[in-house]
Amino acid sequence: MDSLAPHTEVRVAVAQCFRTLSTSAEPEDIISSLQTLHSFLDEGPESRSTPDQRAEFSRAHFTRTLQFLLSNIQADWLLGLSAAQRTDLWDGLFLRGPPEQALVVLMEGISELKASTSLDLLISITERFLLSGRLAALLWSSCMQTAPSDSPQLRETLLARIVALPDLTANRLHLKNKPCFCPQQYFTLLASEMLTALERTCQALKDGTDCSLIFVAQTLGKVCVQGHSGPVFAVMAPRLSVCTRSDMVWQRVCWKLLQNVPQRWMESVLTGLVQAVRGPDAFGRIVGNLVLTNKKAQYVVTHKLLLLQYKYETQVLRTVLGYLAADRERRPLLLQVLRALSQAWANPSAVRHTPLEQQLYVSKALLLSVNLLRDAELQELRSELLQCMLGGMQSHLDSSVVRIRHMGMVVGECLSARMDLNNTKLKFEYDQDEETLELLSLMTPISGEEPEEEPENGVTSPQETSEKTPSTQNASCQNKSKSDPGSDLDSDDEFSPYDMSADQEMTKESPRYLRDCLETLISSEDSVRVELSLRVAEALVRKNVFAAREISVQLTKVLLHTEDKYSIRGFLSLRQTTMVALTVTDCIPVTQYLTTEFYSMNYGLRQRLDILEVLALAAQELSKPISEERSPSVGVSSCTDLTLYPGDNPVHWRQVVERRIQSKTKRLTKGATQPPAKATPNRYAPVAGHFFFPLLSNYDKPQVTFDLLGGDHLVLGRLIHTMGLFMHLAVNAPVAAQMGRALLDFVWAVRYHVDQMVRRGVLFAVCSVFLSMPSQNLLVDLNEQLFETRTWLADVAEGDPDEDCRNLAIQSLVLLDKSLKKQLQDQQALDMET
Amino acid sequence: MSRAAPSPIFTLRGAGAPLNTLHFSCHGGDTPLLFSGSGKGAIHMWNLNTRRAETVAEGHSGNSVVWVNTLQGTDTLISQGRDMRVCLWDLSEGRTAVLDSLWTGSVGFCQCSLLEMSTETHLLAFAGQQTEEIKIVELPSKTPVCTLIPDAKLGMVMCIKLWQPDSGPGPLLLAGYEDGSLLLWDVTQRAQLSQTKAHPEPVMCLTFDPQCLRGVSGSSEKDLCSWRLDGQNNLQLQDSVPLVNPGVSQLCVRGDGKLLASAGWDHRVRIFGWKKLRPLAVLQYHTDLVLSVAFSDHQDPRQRLLAAGSKDQRISLWSIFNEGADTG
């Protein structure tokens, strides 16, 4: 019974101490019993206790002791101790015993105590506990498996306490929380403590001791899944990346660590890590071949990061794909990923129904992975890729969203260039913008070494940059000094000439009469005369209204059919402004003509879109109050500057929608429509119907060349948008109620159109109906439709893949509610009066 | 890679008539001013800080003002109108009153030329009543100094420039005539020193740089003609500079003798290097003939402006080639 002896000895001694502490009032007794308790923790040669005793105390009595101390925290003897004695004897027990037990007891105490000096005492002990590296000791002891019992409950509790420490303290302390308990600091600390534990593990492994990383891995997993992967990996990733570069033991430790992360937390650990590491090599060294052994990791890396989530930076894509490509065993996964990506990219339904950002993300991933392929692998995948490219390009180019079309063009170009189809390449014309440039840049591989320069503690990088800057300055100085001596020789060279290419010969006299313009446009073959006529036409129309009225329809017809035969600068905008001027000047006949022509045969899409734009601009101009001096110079200067035709510019289209929405929201916050400074008759109100109703009459009669409800959804989208604009401008017009009813009827049929431009148009139209229709009409006339409309809008606001559509739907709902509320209040007020 | 064509830094609108002439007064006083004479007889005084017309003076009974200038050192403005009168204005303490006026008798468009003899006295040269006649009077006494009439039939006087050479006793006068001739007159001797035929068409404008004794003249055709005076006061034609479009209304050399500006009938202002007449910039803004150009006389060279007045009733102001200002 030798083994029992230390147990009983210790138990007796501890019980003795407890008794003394709870009964005695003598300071000497108190101090000596506390010292006795301490003696069971002391290690080293002068220790009074045997190792057996110490082990027994740690196993069975330490937690009890601490709990006892806590329950006597208000006792007189504690207050009787001097500060030094207390720190040494009382606090020391918490800081020197097995850290896991101490932490659990401390956290328990903190959550039980109310605000008091005792709580402050515990908090300060906890603070010292953290700052004195006890967490590392805790983790390390778990690595050594010296933890007393591996009971799952204890582990679970401990894990929960470690991860939830910031929450517990914050809940208890509110505003008085200590900085080291704040998540940012605490998790940084925890990360470095984990690193310390890992480092000791490495050392131990080198010395031939076995270690277990299960607890550290669990801690890591739990921290990440609670959303703190950012601060943790900000500390850990650079260090791990450096350590694993040369040290195989470190690599093994990292792999083991990640393998031990429980399945349910694997995803958050991996996503956190992949965002924090710089470059695929570092990621590969830390993770190893985890994707091959761990199903969950494989799913996250090959599927979830690439195809399901799309919030990450391009760097993450580079890391993930580069990681897959870097190892022979992982390469099959790359091919598998590439197949999945190309299918996702080419899927016509995805093009239509997934958010644009996701499509961009998939496009980036596709380009990156294609770029990583070797030629042999490319040969193997060639037919599949070709299939994907052709199908995908078709669905991308079909889209009415410019960005999607551009994406299709760029990806098509890059794929065809990479596949080397008999030395033929696709080449599209598109405007280079940030997005296309970024996509194109993905095809040039970043040299692998560059991002790997990971300084130990970030000291070297500022030096590097500071070295670089003077060199560029030097260069510029040299340039200057080179140019300087030349200037002294001749003073004219002091000035560098401006671009003088625009200095062309003046052309002939421009026509003075509108009829001359008309004649020229009809019959002249002289490009100069045609250009001059076009340039002065708008000014002439506005100058002489009566002359313009005589030939308005004729001139409109000619302009509508004029083609840019001579590549005149700003042709489209010149033609458009003139047609707008004609429409404004002689409203009814011209609108009649244009609206009829919109549905007639033998027009191109471009012309039909032109008609819509001219009508929209004219309506806008009419609805503005007449400004006293429409200075002709505005027109002149704008047509020299304005070379871009608005319709050609995709940004413009979106901006206009945005601006219109914004202008409306502003009006809402200001209350009702602002009263104009001076009352002027609204020129648009009497003629609004002429703009609006003819366009509604024929939309469902498909023709050979023009099928509005079929393939020509580009025009349909614009048409609905234009109608919405007419509606919006018709606010306060008597005809607004009828227009609103008709418009709602019209758009109802196409509200779930596949094309997002059409849907946007529909939502814009609905918005403008709610804005412009008087609220009593809204309630009375549209009574039965309103409920359905509301349900539909709520549906769109929740589920539409297009962000603009969702926003517009929310906007409409808000407008509708406002309008209805106002109406109901008015009615109540009326009822009260009667 | 040449820089993109410049644009005006601001414009002055509201004159309501073509702007025939411009004159800066920025060297002294608090506010830099720009005087402009309009086709409807108004003289606008534009404050260049507020960029608004401070005062508008009307003194030529609605007739076009073809020339304005200020007498150095005094608050006196001088203006010439097509009502055949030259008016002297008192501008001190915010007044705008006609002090004196002088009948010229000229029906042409020839702008006067003013030469400061001392702080008090000025010489004013103007076209007279007869076709080829140039008269010179002393201001403010209005004493006639001389009348210059060439021997040959040269047509109307189109433009004149009076200046005082460094060497030589009296002032000299350059005059351009309707038949394209340039004449150099000695005012004190009343003698014709030199004559040359610079243009086939009437000389529309000329400017002369007394520092390097070079001048340039413009006409209704496509060339600017440059010429110089040799030691014996002989006019020698030098190379001509081709323009893209014909017609020049006015020429102006910047105070530091580095730039030449031309007001073109093609709505454009052209900038040349004055030394070699190298084209440097074409300023496109106006939508009708540019009638006048002027460089400002700011003391700080970096603030220097170029103003152009046009038939489109606007004045455009440009800040151009002021970077290397430290040398000038």
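How many residue pairs are in polar contact across the interface of chain B and chain A? The rule finds 4 such pairs, with both residues at pLDDT 80 or more. That confidence value is a reminder that you are looking at a predicted model, so please read everything below as a description of a prediction.

Let's stay at the interface for a moment. On the side of chain B, the elements that give two or more residues to the surface touching chain A are β24 (268–273) and β25 (279–284) of chain B. Of these, β25(B) supplies the largest share, 5 residues. If you sort the residues on this side of chain B by character, you get 13 nonpolar, 8 polar and 12 charged. With charged residues present on that side, you might ask how many salt bridges cross between chain B and chain A. The rule finds 0 of them across this interface.

How much surface is involved? The size of an interface is often given as the accessible area lost when the parts come together. Here chain B and chain A bury about 2200 Å² between them, and 52% of that lies on carbon and sulfur atoms. Within chain B, the residues that lose the most area to chain A are B:Arg3, B:Arg278 and B:Leu280, which together account for 23% of what that side buries. Counted by contacts, 33 residues of chain B meet 18 residues of chain A.

Now turn to chain B itself. Its secondary structure comes to 0 helices and 28 strands. Of its 328 residues, 57% are buried. Among the contacts in chain B with a separation of 6 or more, 42% are between residues 24 or more positions apart. An unreviewed UniProt entry lists residues 283–320 of chain B under "repeat: WD". Over that stretch the chain is 0% helix and 45% strand, and the C-alpha atoms at its ends are 10 Å apart.

A few backbone details in chain B are worth finding on your screen. The peptide bond from B:Leu139 to B:Pro140 is cis, with omega near 0 degrees. B:Pro140 sits in the loop between β12 (134–139) and β13 (143–148) of chain B. Another loop, between β7 (76–81) and β8 (85–90) of chain B, holds B:Met84. Phi of B:Met84 is near 65 degrees, a positive value in a residue other than glycine. The relative accessibility of B:Met84 is 25%, so B:Met84 counts as partly exposed. B:Phe321 also has a positive phi, near 50 degrees, and is likewise a residue other than glycine. You will find B:Phe321 in the segment after β28 (315–318) of chain B. Is B:Phe321 buried or exposed? With a relative accessible area of 1%, B:Phe321 is buried.

Salt bridges bring us to chain A. Over all chains, the count comes to 29 by the rule used here. One of them joins A:Arg331 and A:Glu377, whose closest N and O atoms are 2.7 Å apart. A:Arg331 belongs to helix α18 (residues 331–346) of chain A and A:Glu377 to helix α21 (residues 375–398) of chain A, so this pair ties together parts that are 46 residues apart in sequence. Both A:Arg331 and A:Glu377 are buried. The pair is also part of a network of salt bridges that links A:Arg331, A:Arg374 and A:Glu377.

A second buried pair is A:Asp800 and A:Arg759. Their salt bridge has its closest N and O atoms 2.9 Å apart. A:Asp800 lies in the loop between α38 (783–799) and α39 (803–833) of chain A, while A:Arg759 lies in helix α36 (residues 756–772) of chain A, so the salt bridge ties together parts 41 residues apart in sequence.

For another setting, look at A:Glu550 and A:Arg515, a salt bridge with its closest N and O atoms 2.9 Å apart. Helix α27 (residues 545–561) of chain A carries A:Glu550 and helix α25 (residues 514–523) of chain A carries A:Arg515, so parts 35 residues apart in sequence are tied together. A:Glu550 has a relative accessible area of 58% and is therefore exposed. A:Arg515, at 44% relative accessibility, counts as partly exposed.

Note on methods. Residues numbered from 1 in each chain as written. Chains lettered and ligands numbered in written order. Predicted model: local features only at pLDDT ≥ 70, side-chain atom pairs only at ≥ 80, totals over all residues. Heavy atoms only, no water. Contact = heavy atoms within 4.5 Å. Buried area = accessible area lost by both parts, 1.4 Å probe. Salt bridge = Lys/Arg side-chain N within 4 Å of Asp/Glu carboxyl O. Polar contact = N/O pair within 3.5 Å; in protein donor to acceptor, adjacent residues only side chain to side chain. Helix = DSSP H or I, 4+ residues; strand = E, 2+ residues; numbered from the N terminus. Nonpolar A, V, L, I, M, F, W, Y, C, P; charged D, E, K, R; others polar. UniProt positions renumbered as here; feature names shortened; annotations may be inferred. Buried < 20%, exposed > 50% of the residue type's maximum accessible area, 1.4 Å probe, protein only.
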